[in-house]
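Biologist: I would like to learn how to read a model of this kind. Could we take it feature by feature?

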Protein chains: 2
Amino acid sequence: MEKTEGWVTAPRSFVAAGVKAGLKSSGNHDLAVIFSQRLASCGAVFTQNKMCAAPVLVSREVAKGGRARAILVNSGCANACTGVRGLEDAKAMQAEGAKLLGIEPTEAFVCSTGVIGQFMPMEKLKEGLAAAVAALSKEGGEDCAKAIQTTDTFIKRSAYKTVIGGKEIICAGIAKGAGMIHPNMATMLTFFTTDAAVAPAVLQKAVKEAADSSFNMVVVDGDTSTNDTMIVLANGAAGNPSIDSTEHPDYAAFLRLLTACAQDLAKMIAKDGEGATKFLEVHVVGAATKADAKLAAMAIAKSPLVKTAFFGQDPNWGRIVCAAGYSGAEMAADKVNLEIGGIRLVEAGLNCNVPLEKLAPTMSRREIAMTVDLAVGHEAATVWTCDLSYEYVKINGEYHT
Amino acid sequence: MEKTEGWVTAPRSFVAAGVKAGLKSSGNHDLAVIFSQRLASCGAVFTQNKMCAAPVLVSREVAKGGRARAILVNSGCANACTGVRGLEDAKAMQAEGAKLLGIEPTEAFVCSTGVIGQFMPMEKLKEGLAAAVAALSKEGGEDCAKAIQTTDTFIKRSAYKTVIGGKEIICAGIAKGAGMIHPNMATMLTFFTTDAAVAPAVLQKAVKEAADSSFNMVVVDGDTSTNDTMIVLANGAAGNPSIDSTEHPDYAAFLRLLTACAQDLAKMIAKDGEGATKFLEVHVVGAATKADAKLAAMAIAKSPLVKTAFFGQDPNWGRIVCAAGYSGAEMAADKVNLEIGGIRLVEAGLNCNVPLEKLAPTMSRREIAMTVDLAVGHEAATVWTCDLSYEYVKINGEYHT
């Protein structure tokens with residue numbers, strides 16, 4: 001498997017476009033279409049938020065069908081908390097896109113991100129869809145990536161290629177998200193294209209598994225949006241023997257490919273966390289169960305005390321072991337070990353009294369890894385997060401609805 | 001039941017003291033003793049943190065005995081993450097205090113708050129204990145309250161009196177805590193004295209019940225310390241017929257008394273949250289279960305997005321309903337209602353488009369209440385919290401270990 005250049009149009013038989021439909025007050029790109037020239041298998045995971053947005057309801061139905069050809073995305077308006085009219089608008093967005101593309105509505109995912117509680121400006125949206133469909137091309141990947149962004153400070157994309165079943169397979173992904181953001185909240189949206197041949201049910205399992213070791217291991221502020229969506233289209237244009245079961249010899253290689261892309265994007269989201277000055281990697285090892293490892297790593301990554309300490313470049317190990325302690329994970333208080341940047345700070349539950357001077361170079365880095373050993377088993381988990389800065393409070397506190 | 005003046009020495013047959021033992025680098029009061037001149041029933045609840053401090057381990061054993069006469073408390077050193085030596089020090093603190101007071105070690109609670117990962121300066125502690133025991137008096141309540149504080153910006157105390165079983169009963173409490181704080185972390189400690197006669201097992205139930213509707217409903221940053229402790233001593237000096245069962249006709253009145261004190265103190269802790277500019281009361285109503293109501297209220301109160309929005313005086317209803325949505329509580333997305341300061345912002349899941357000018361006076365207040373109706377049942381819960389300000393990041397990020 002090797003990293004490659006290219007956008008979601010890098011895999012065979014995919015085209016894309018991004019246009020300015022006037023949905024964002026900034027006037028930037030705000031409407032994207034990703035299109036597979038062949039019917040593709042699809043897999044998707046969605047927000048678990050009970051206040052989920054209208055497009056999530058519509059896209060869940062598409063995912064159930066297992067086959068799709070298009071992803072229609074707008075930024076600027078989340079179409080969330082919009083009730084019956086919002087649902088009608090999402091369906092109309094789907095129908096309009098499908099008509100323009102000459103496909104069935106059930107083959108078109110719809111996703112929205114932006115302001116919540118406002119109705120979709122349908123005229124602008126429809127004009128934008130027509131412009132985007134007309135603009136679909138192999139070169140449209142970058143504009144497409146631009147059009148899904150809100151407050152992101154950089155574009156997030158990743159692509160890998162490998163040989164599966166004797167064929168070169170490409171998987172490419174884009175993402176947007178930087179914490180839940182102004183205005184009101186934002187969302188994590190991420191879309192993947194691949195020319196691998198994968199059966200729908202198998203793809204769905206791969207998507208779930210890849211999400212669990214990537215996007216589900218990222219914390220910015222712990223708030224789950226109403227619109228979070230991950231979609232993968234696999235169109236089989238590479239001509240590999242279809243991966244039709246998780247027991248298929250090529251399944252593991254495909255999962256690795258998709259996971260590599262997903263983890264790249266997940267880490268970029270943590271790095272782009274609102275106001276972040278540091279990217280933090282929280283490893284928990286020695287846990288009794290995988291679930292415990294994640295519980296402890298998540299508690300550490302979510303702790304405002306831990307996050308502000310890293311912002312202040314303070315190696316405050318007490319807050320880290322304390323967060324593990326209240327996470328609910330089993331741990332041996334008198335055996336716990338903690339390292340930051342490879343330097344042991346706590347050994348068998350006791351302060352190693354490392355001089356601050358020795359830690360200063362580590363704490364001043366832009367990317368810092370820590371490892372907490374719960375000392376009760378052999379399971380591990382890694383969560384990515386960022387620090388909590390003045391800028392986070394500014395971004396999220398100074399905006400007025 | 002009426003509010004009254006006085007410290008933990010207000011109930012009959014209690015004395016207290018607070019002295020400067022040199023444990024705090026500031027030189028302020030740092031060692032407190034609360035003493036009942038008669039053997040008292042005791043009830044207590046402790047942190048659930050698996051990294052709990054040595055004094056918590058020792059005090060848990062005292063609580064099991066059901067009877068106690070003293071609470072020995074120091075600030076400046078938490079005696080947490082101190083291993084075997086820390087446990088020996090906590091036991092030595094208990095033994096020394098008991099010897100000075102002429103009671104059994106098993107009748108003396110020990111509590112510590114302050115820096116973690118450092119050993120207790122035992123010589124200073126022992127000298128302080130001797131000075132405090134010598135200073136015990138009815139007038140010692142205020143110094144006692146001072147000595148348990150760390151970064152609190154004001155002293156937290158509450159007292160109520162009522163007639164139970166034909167006798168005037170007083171219940172008084174003090175607390176310290178303002179989020180988990182510099183240095184490393186702090187703790188919530190709270191101590192109550194009452195001259196009611198209550199059987200130990202009944203008192204333990206009352207303490208648990210009072211904690212669940214007060215301290216367990218407060219969020220500052222969601223971090224649970226290694227040392228959190230609530231202790232109640234009930235010495236029976238008022239001469240009321242002993243409340244020997246939760247079915248006893250006086251149990252409800254006693255629980256109300258204790259809960260009133262505890263809720264006062266819990267709200268004061270939220271008001272004193274690190275860097276707080278606003279006190280927030282989150283009511284959740286219309287929940288399917290009591291647990292769901294608490295789950296939703298806690299998710300809202302913990303959300304950094306909600307907390308920063310209030311700091312910014314932004315009536316960001318989207319973040320509030322979104323937090324309820326991901327809390328795990330059952331809710332009807334298309335029936336949810338939300339009010340802030342009595343003004344309806346969301347009705348049946350839809351934005352009421354209230355003009356910002358109309359909300360500005362509410363949002364600028366120092367204390368703001370909000371009510372979220374999940375619209376699926378009849379259960380309710382209230383959680384108290386504060387906003388998230390630049391000052392929180394400063395307090396917790398600028399300190400260097």
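Biologist: Which domains does the assignment give for chain A?

Modeller: Domain bounds come from an automatic or database domain assignment. For chain A that assignment gives domain 1 (2-271) and domain 2 (279-397). This is a predicted model, in which local features need pLDDT of at least 70 and side-chain atom pairs count only at pLDDT 80 or more, while totals for chains, interfaces and linings use all residues. Residues are numbered from 1 along each chain as its sequence is written, and chains are lettered from A and ligands numbered from 1 in the order in which they are written.

Biologist: How many residues of domain 1 of chain A are in contact with domain 2 of chain A?

Modeller: Two residues are in contact if their C-beta atoms, placed from the backbone, lie within 7 Å. By that rule, 10 residues of domain 1 of chain A touch 11 residues of domain 2 of chain A. On the domain 1 side there are six nonpolar, two polar and two charged residues. Here Ala, Val, Leu, Ile, Met, Phe, Trp, Tyr, Cys and Pro count as nonpolar, Asp, Glu, Lys and Arg as charged, and the others, Gly among them, as polar. The centres of the two domains, taken over C-alpha atoms, are separated by 33 Å.

Biologist: What rotation superposes chain A on chain B?

Modeller: Two copies of a chain are related by a rotation about an axis and a shift along it. Chain A is superposed on chain B by a rotation of 180° with 0.0 Å of shift along the axis, at RMSD 0.0 Å. That is the relation of a two-fold axis. The fit is by least squares on the C-alpha atoms of residues with pLDDT of at least 70 in both copies. Of the residues of chain A, Tyr390(A) comes closest to the rotation axis, with its C-alpha at 2.8 Å.

Biologist: How many residues does each chain give to the contact?

Modeller: Chain A gives 50 residues and chain B gives 50 residues. On the chain A side, the elements that give two or more residues are α8 (304-311), α9 (317-326), β13 (350-351) and α11 (390-397). Such helices (H or I, at least four residues) and strands (E, at least two) are DSSP runs, numbered from the N terminus. α9(A) gives the most to this side, with seven residues. By class, the chain A side has 22 nonpolar, 21 polar and seven charged residues. The copies meet through the same surface, because 100% of the interface residues of chain A are also interface residues in chain B.
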